[in-house]
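The following exercises invite the reader to study one protein model step by step. Please look at the sequence and the structure before attempting them.

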Amino acid sequence: MAQNSDAPLDDLMMAMDVVDTLRHEEGQVARELKSDERDAAMVERLRQVYASQGIEVPDHILKAGVEDLKRDRFVYAPPPAGLNRTLAMVYISRATWSKWLAGAAAVLLIAVAAWYFVVRLPAQRAEADLRARLEALPQIYTELVGRIDALTELADIEAAAQSLAEDGRLALADGADEAAFKAEADLRTLAGRLQEVFEVRIVSREGIPTGVSRIPEANPDTENYYIVVEAIDPDGNALKREIVSEENSQAELVEMWGQRVSDTIYNAVRRDKMEDGIVQKGTLGQKRRGELDIKWRSGVQDGAITKW
C-alpha cells in the first residue's frame, strides 16, 4: 500500500525506519516463499523486531514499508550517465579543478599582457607614427621646396626641387611609402648641399704629401696628377665629403682626398711649396651658398682618389 503524500511526519519517519530495517532483515526471510507469503513473513519479522525493542508499529506502517522497499523508495539512485550527471560531477569536483583553472587563467593573462606590451603596443605606436609621418609629408614637401627656392636663384635647381616634391606626392597617392620618404630625403639633401659653404684648400702639413701621381693600369703611358685637398668651412673646420675614387669607383666619406689636376697646376704647387715649405696659393676651389658645384681653379680636372 502506497503512502499518501499528506501522511503525518511521524508516520513518514517510521516508514523510512521500517524500510531501513527491512534492508537488514530481508536476507533472513525465506527466499523460497511466494511473493505474498514473503510479504507476510517480512511484516511478521518486522513486528517481532520492533516488539523486541518495545516499539509498537501499526500493521499499515509495516505493510507500507514492505511496499516501499519493493519500489526502492528512500533509496538514493545515482543519475544515469549523460550530460546532467557529467555536469553534476564537474560541480562536485570544482574545488580541485577550479585551482588548476585559476592557475591556467593567470598564466594566460600574463602571456596576453606580455604579448600586448612587448609586441602589440609597440606595433600600434609604430603604425601611428608612420601614419603621422605620411600625413605630414605634403606640408614637408612644400616647406622644403620653399627653403630651396630661398637658397638659390638657379632655375634648374628650383625645377629639380619641384620635381622631387611632385614625385613624393604621387608616391603618397599610390601608397608607395618608401618612395614618398625617399623624395623627402632627397629634398633635404638638396637643401643641405645648397646651404654648404666651404673652400677646397691644399693640404700642406708635415707627414702628409701635398701631391701624388699615378700611372693607371688601363693606360701605362699616361701619368695622372693629384693634389691632396680638404674642405674647410667658414669657421675653419674640416668637413667630411663623400668622394668617389676613380681607382675603384667606390664612394667613401673622407676629410681629405686627392683631386685630379693638370700637370701645370701640379708642378706650380710643387714649386710653390719648395720655395719656403708653404703653399701660398692654397685655395683650389670654392663652394658658394645656393650652388651645388664647386668653382675650381683653372686646370682642375674631374676625378679623385681617396688613398695614396
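Three exercises with worked solutions follow.

The model is predicted, so local features require pLDDT of at least 70 and side-chain atom pairs pLDDT 80 or more, while totals for chains, interfaces and linings use all residues. Residues are numbered from 1 along each chain as its sequence is written, and side-chain values use heavy atoms, with hydrogens and water left out.

**Exercise 1. Describe the surroundings of Asp-233.**

Step 1. Locate the residue: Asp-233 sits in the loop between strand 3 (224-232) and strand 4 (238-239). Strands (E, at least two residues) and helices (H or I, at least four) are DSSP runs numbered from the N terminus.

Step 2. Examine its charge partners. Asp-233 is buried but has no salt bridge, and Arg-201, the nearest side chain of opposite charge, is 7.8 Å away. Buried means under 20% relative accessible area, exposed over 50%, and partly exposed in between (1.4 Å probe, protein chains only). A salt bridge requires a side-chain nitrogen of Lys or Arg within 4 Å of a carboxyl oxygen of Asp or Glu. Lys and Arg count as positive, Asp and Glu as negative; His and the chain ends are not counted.

Step 3. Turn to the backbone. A polar atom of the Asp-233 side chain lies 2.9 Å from the backbone nitrogen of Asp-235 and 2.7 Å from that of Asn-237.

**Exercise 2. Which helices each supply at least two residues of the largest nonpolar core?**

Step 1. Identify the core: it has 20 residues, and Ile-148 and Leu-190 are among those with the most contacts inside it. Such a core is a set of buried Ala, Val, Leu, Ile, Met, Phe, Trp, Tyr and Cys residues joined through side-chain atoms within 4.5 Å.

Step 2. Assign the helices: helix 5 (94-151), helix 6 (155-174) and helix 7 (177-195) each supply at least two residues. Helix 5 gives the largest share, eight residues.

**Exercise 3. How far apart in the chain are the partners of the salt bridges Asp-186 to Lys-182 and Glu-247 to Arg-214?**

Step 1. Consider the pair Asp-186 and Lys-182, which meet at 2.9 Å, N to O. Because these residues are four apart in helix 7, about one helical turn separates them.

Step 2. Consider Glu-247 and Arg-214, whose closest N and O atoms are 2.8 Å apart. This pair links distant parts of the chain, 33 residues apart: Glu-247 is in the loop between strand 5 (241-244) and strand 6 (251-254), and Arg-214 is in strand 2 (residues 211-214).

How values were computed
Polar contact = N/O pair within 3.5 Å; in protein donor to acceptor, adjacent residues only side chain to side chain.
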